[in-house]
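Here is a short tour for a reader meeting this structure for the first time. Keep the sequence and the 3D view open while reading.

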Amino acid sequence: MPRKRFQDPAINKDKYFGKLSDKARLLFRGLIDIADDEGFIQGDPLFLRSEIFPYDDLSCDEVKKLRDEVEKSKQESPMIILYSVQNQTEVEEYIQLPKWWNYQPLPDYPIPSKIVNLLLDNRVLISKGTVNTHRSLARKYSFNKQRNALRNRKGTGKEQEGNE
């Protein structure tokens, strides 16, 4: 179940965010709301439509176009990264919010992402937009590594406020 998330108001001033259509902006903000504790989301347009646009009359194709608009909006530092994983019977799509840890505080009781583990297992990983190997994904988005770094940065009280 998604948690209450922090939405940084600075995103409104981002020139790439500003160039998105209104519904693509709403989709991006909705992705933040439904992401797991590591910034990963199912990328299936049907799932996104049901979670982010439950009362809108949008087709899955329209949601896919919005998702692709957000993905292509900022190539040098993408807002989202779309992964396709070849399963035995179908291709599953997942979204990663690459700047997740810059804006989201570590929850008191974090739940490790099931999607990261799925991306790191032995299935074939195809990344659209940018190329990430299993090893670089594991190194860059290791839950324990991020959790420990955030805990160290968080501090324990007033005695550490002057050290930052």
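Contact here means heavy atoms within 4.5 Å. The model itself is predicted.

**A serine in a loop**

Start with S73. This residue sits in the loop that links α4 and β2. Is S73 buried or exposed? Its relative accessibility is 17%, so S73 counts as buried. The cut-off for buried is under 20%. Setting aside neighbours within four places in sequence, S73 is in contact with Y16, L20 and M79.

**An asparagine in a helix**

Now turn to N102, in helix α5. N102 has a relative accessible area of 56%, so it is exposed; the cut-off for exposed is over 50%. From N102 to D8 is 94 residues in sequence. In space, the two are 10.0 Å apart, C-alpha to C-alpha.

The two residues can be set side by side.

| Residue | Location | Relative accessibility | State |
|---|---|---|---|
| S73 | loop between α4 and β2 | 17% | buried |
| N102 | helix α5 | 56% | exposed |

**A pair of strands**

Next comes β2, residues 81-86. Of its 6 residues, 5 are buried, so the rest of the structure largely encloses this strand. Its partner is β3, residues 91-96. The two strands run antiparallel, and 6 bridges join them. A hairpin of 4 residues leads from β2 to β3. Across the pair, Q86 of β2 stands opposite V91 in β3.

**The nonpolar cores**

In soluble globular proteins, nonpolar side chains tend to be buried together. In this model, the largest nonpolar core holds 26 residues. Which of them touch the most other members? They are F28, L31, I41, L48, V70 and L97. Four helices each supply at least two residues of this core: α2 (22-34), α3 (45-52), α4 (60-72) and α5 (100-103). The largest share comes from α2, with 6 residues.

Look at I41 in particular. Not counting residues up to four places away in sequence, I41 touches L31, I34, A35, F47, L48, Y94, I95, L97 and I115. There is also a second, separate core of 8 residues. Among its members are F40, I81, Y83 and L119.

**Aromatic rings**

How many aromatic pairs does a search of the whole structure find? The search finds 1. One ring also has a charged partner: R25 lies over the face of F17, at 6.0 Å from the ring centre.

Notes
Residues numbered from 1 in each chain as written. Predicted model: local features only at pLDDT ≥ 70, side-chain atom pairs only at ≥ 80, totals over all residues. Heavy atoms only, no water. Buried < 20%, exposed > 50% of the residue type's maximum accessible area, 1.4 Å probe, protein only. Pairing = 2+ DSSP bridges. Core = buried A, V, L, I, M, F, W, Y, C linked by side-chain atoms within 4.5 Å. Phe/Tyr/Trp six-rings, centres within 6.5 Å; stacked < 30°, edge-to-face > 60°. Lys NZ or Arg CZ within 6 Å of the ring centre and 35° of its normal.
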